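Colleague: I'd love a close look at the charged side-chain pairs in this one. Could you walk me through them?

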Amino acid sequence: IGSVRPFVNFNAKHDAEILHKAMKGIGTDEDAILMLLTARSNDQRQQIKAAYKKAYGKDLVSALKSELGGLFESLIVALMTPPISYDASQLHKALKGAGTDDDVLIEIMSSRTSEQMKDIIKVYKKEFTSKLEKDICGDTSGHYQKLLVILLQGSREEGVDEAKIEKDAKDLYAAGEGKFGTDEEKFITILGNRSAEHLRKVFDAYKKLSGSEIEDSIEGETTGNLENLLLAVVKCARSVPDFFAEGLYKSMRRAGTDDNTLMRIMVSRSEVDMLDIRASFKKMYGASLYSTIQEDTTGDYQKALLYLCGGND
């Protein structure tokens, strides 16, 4: 469940007026802006955007950008972006220019549903006049590339195939620990195509068979981006909220905060599973996500993130 839900007595025209007042004259009322926008669903924010343009003849996002700055501005702009466009733009940013931001690529490609994947491809093509698959293939190689392309198809099987559980576990064991060198193809095909519930049963069978968790084998048998992607796929099959709780924890608990990751997860999961992520975070790290954000961030940026978090556990 998300922490951000549609606002009940919603009135787009009225909200547009509040934002207009908050930006008028000298100084900006950041509080009014962040309290309003974090308490509206993304769909409602799009309606406010339309009402604002109709009333004031200018683009709301451009107006916000000219009034705000820094991390707070980036966060507000992210909140104003439709979720699929946001994912597409994050992927585009990760792929274009020198070097590839593999962490972003791995996070999005391993955690989005088949439906979302298909929508992302369409929006990416429309907004960047380029094919996502082509851009991924231009920037990646080897088995890492192959698994990304499989995930991009958004065609995971449904349900559990009881007849395949044992065989999949044995195939994974034989492809990894059971032999000299690793048969990555097997890992990619099984982890890239089976349903999450089927994979959870395969992981249990794998543990019985080999005495160790599948994660340990992946860490022992593969390296680099392929290892990171395989681990992300396994973690998402086990629990998507746990996967994001770990991502948030790592983005904060170190010297310097990885604000891009912190922002991306808080924005993109706020309407999906933020309450579950909070529960995972507490269970995994014994601290509340809310207080961790509080210790790691400041100012209006912090306030807005705390609203998205939705409460202290």
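To start with one pair: are R40 and D15 buried or exposed?

Modeller: Happy to, keeping in mind that this is a predicted model. Both R40 and D15 are buried. Their side chains meet in a salt bridge, with N to O at 2.6 Å. This pair links distant parts of the chain, 25 residues apart: D15 sits in helix α1 (residues 12–23), while R40 belongs to the loop between α2 (30–38) and α3 (42–56).

That bridge has plenty of company, as the structure holds 19 salt bridges. Another one joins R194 to E157, whose closest N and O atoms are 3.3 Å apart. Here each partner comes from a loop: R194 from the one between α12 (184–193) and α13 (196–210), E157 from the one between α10 (142–152) and α11 (162–175), so the bridge ties together parts 37 residues apart in sequence. R194 is buried, at a relative accessible area of 10%, whereas E157 is partly exposed at 34%.

For a pair within one helix, turn to D119 and K122, which form a salt bridge with their closest N and O atoms 4.0 Å apart. The two are 3 residues apart in helix α8 (residues 114–128), which means about one helical turn separates them. D119 is partly exposed, with 32% relative accessibility, and K122 is exposed, with a relative accessible area of 59%.

Finally, have a look at K207, E213, E215 and R238: salt bridges link these residues in a network.

Key
Residues are numbered from 1 along each chain as its sequence is written. This is a predicted model: local features need pLDDT of at least 70, side-chain atom pairs count only at pLDDT 80 or more; totals for chains, interfaces and linings use all residues. Side-chain values use heavy atoms; hydrogens and water are left out. Helices (H or I, at least four residues) and strands (E, at least two) are DSSP runs, numbered from the N terminus. Buried means under 20% relative accessible area, exposed over 50%, partly exposed in between (1.4 Å probe, protein chains only).
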